[in-house]
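Got the viewer open? Here is a walk through the model, one selection at a time.

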Amino acid sequence: MMLAADGINVAQNIGFGIIAAVMIFSALCVVSTKNVVHAALWLVMVLAGVAAQYILAAAEFVAVSQVMVYIGAVMVLFLFGIMLTRAQIGSEEGLNNSTWALGIPVGVVLFGLLAWVVLDFTDDNVIAEPAGPAPTQAIADQVLSPYLIPFFGMTFVLLAAAVGAIVLARKD
């Protein structure tokens, strides 16, 4: 739905606001829950919200990559790490750091700095709509052709981390 004003898409802005509100609530649940598994599942909600924001920004390839890499791979690895180590699965007291109150003013200052940067440097610019479909093949060729060897190296590092977690967990 386009308004008479140039470049303002009300439905997209409302969708952005709703998704951002869900992401903020989920992020607060990540840091406030006492159950590590629940925190990981709330983090999945935050990462899914990021993917939804990418879809709103017409970056479908990045959204799919976000889902496959972060939600699919990293979160599964994270949950395996929780389950294979000696971390307590249920609620646990004493997870909070004694200096947690220091994080609140630091968070407020960082949020204010980020808001100032976004508001000061973006002005009222509107992101231009892409002329055609995203060149997914061009992106894949650009990323995987020159960086194929580092990509394979990264997969071996992740595999070594998973094997290391299993070895550490089996020392009982």
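Let's start with a residue you can pick right away: select Met83. With a relative accessible area of 54%, Met83 is exposed, because anything over 50% falls in that class. Met83 sits in helix H3, which covers residues 60-84. Now add Ala165 to the selection and draw a distance between the two C-alpha atoms: they are 9.8 Å apart, although 82 residues separate them along the chain. Keep in mind as you go that this is a predicted model.

**Zoom out**

Show the whole chain as a cartoon. You should find six helices and zero strands, so to speak an α-α-α-α-α-α pattern when you read along the sequence. Switch on the surface next: the accessible area comes to about 12900 Å², and carbon and sulfur atoms hold 74% of it. How many of the 172 residues count as buried? The share is 13%. As for contacts between residues with a separation of 6 or more, 60% of them join residues 24 or more positions apart.

**Colour the annotated stretches**

The unreviewed UniProt entry carries the annotation "transmembrane region" for residues 12-32, 39-61, 67-87, 99-119 and 147-169. Try two of them. Select residues 12-32: that stretch is 100% helix and 0% strand, with 30 Å between its end C-alpha atoms. Then select residues 99-119, where the chain is 95% helix and 0% strand and the end C-alpha atoms are 31 Å apart.

**Walk along H2**

Next, select helix H2, residues 36-56. Its 21 residues should span 30 Å at 1.5 Å a residue, and the end C-alpha atoms are 30 Å apart, so the two agree. Show side chains for the buried residues of H2: Val37, Ala39, Ala40, Val46, Leu47, Gly49, Ala51 and Gln53. What do they pack against? The buried residues of H2 pack against H1 and H3.

Stay on Gln53 for a moment. Gln53 is buried, because its relative accessible area of 14% is under 20%. Leaving out residues up to four places away in sequence, Gln53 touches Phe16, Ile19, Ala20 and Met23.

**Light up the core**

Now select Val37, Ala40, Leu47, Ile71, Met75, Leu79 and Ile82 together: these seven residues form the largest nonpolar core. H2 and H3 are the elements that give two or more residues to this core, and H3 gives the most, with four. Click on Met75 to look at one member up close. Apart from residues up to four places away in sequence, Met75 touches Ala40, Leu43, Val44, Leu47 and Tyr70.

**Find the aromatic pairs**

A pair of aromatic rings is described by the distance of the centres and the angle of the planes. The count here is two aromatic pairs. For one of them, select Phe25 and Trp42: the ring centres are 5.6 Å apart and the planes meet at 85°, which makes the pair edge-to-face because the angle is over 60 degrees. This pair links distant parts of the chain, with Phe25 in helix H1 (residues 10-32) and Trp42 in helix H2, 17 residues apart. Trp42 is partly exposed, at 28% relative accessibility.

For the other pair, go to Phe151 and Phe152. Their ring centres are 6.3 Å apart and their planes are at 50°, so this pair is tilted. Is Phe151 buried or partly exposed? Phe151 is partly exposed, with a relative accessible area of 38%. Phe152 is also partly exposed, at 41% relative accessibility.

**Two stops for backbone angles**

Most residues other than glycine have a negative phi, and most peptide bonds are trans. With that in mind, select Ala58, in the loop between H2 and H3. Its phi is near 65°, a positive value in a residue other than glycine. Ala58 counts as partly exposed, at 29% relative accessibility.

Last selection: helix H4, residues 100-122. H4 has 23 residues and reaches 33 Å from its first C-alpha to its last, close to the 33 Å expected at 1.5 Å a residue. Step just past the end of H4 to Asp123, where phi is positive again, at about 50°.

Note on methods:
Residues are numbered from 1 along each chain as its sequence is written. This is a predicted model: local features need pLDDT of at least 70, side-chain atom pairs count only at pLDDT 80 or more; totals for chains, interfaces and linings use all residues. Side-chain values use heavy atoms; hydrogens and water are left out. Rings of Phe, Tyr and Trp (its six-membered ring) pair if their centres lie within 6.5 Å; planes under 30 degrees apart count as stacked, over 60 as edge-to-face and the rest as tilted. Buried means under 20% relative accessible area, exposed over 50%, partly exposed in between (1.4 Å probe, protein chains only). UniProt positions are given in the numbering used here, feature names are shortened, and annotations may be inferred rather than shown by experiment. Contact means heavy atoms within 4.5 Å. Accessible areas come from the Shrake-Rupley method with a 1.4 Å probe; for residues, only the protein chains shown count as cover. The expected span of a helix is 1.5 Å times one less than its number of residues. A nonpolar core is a set of buried Ala, Val, Leu, Ile, Met, Phe, Trp, Tyr and Cys residues joined through side-chain atoms within 4.5 Å.
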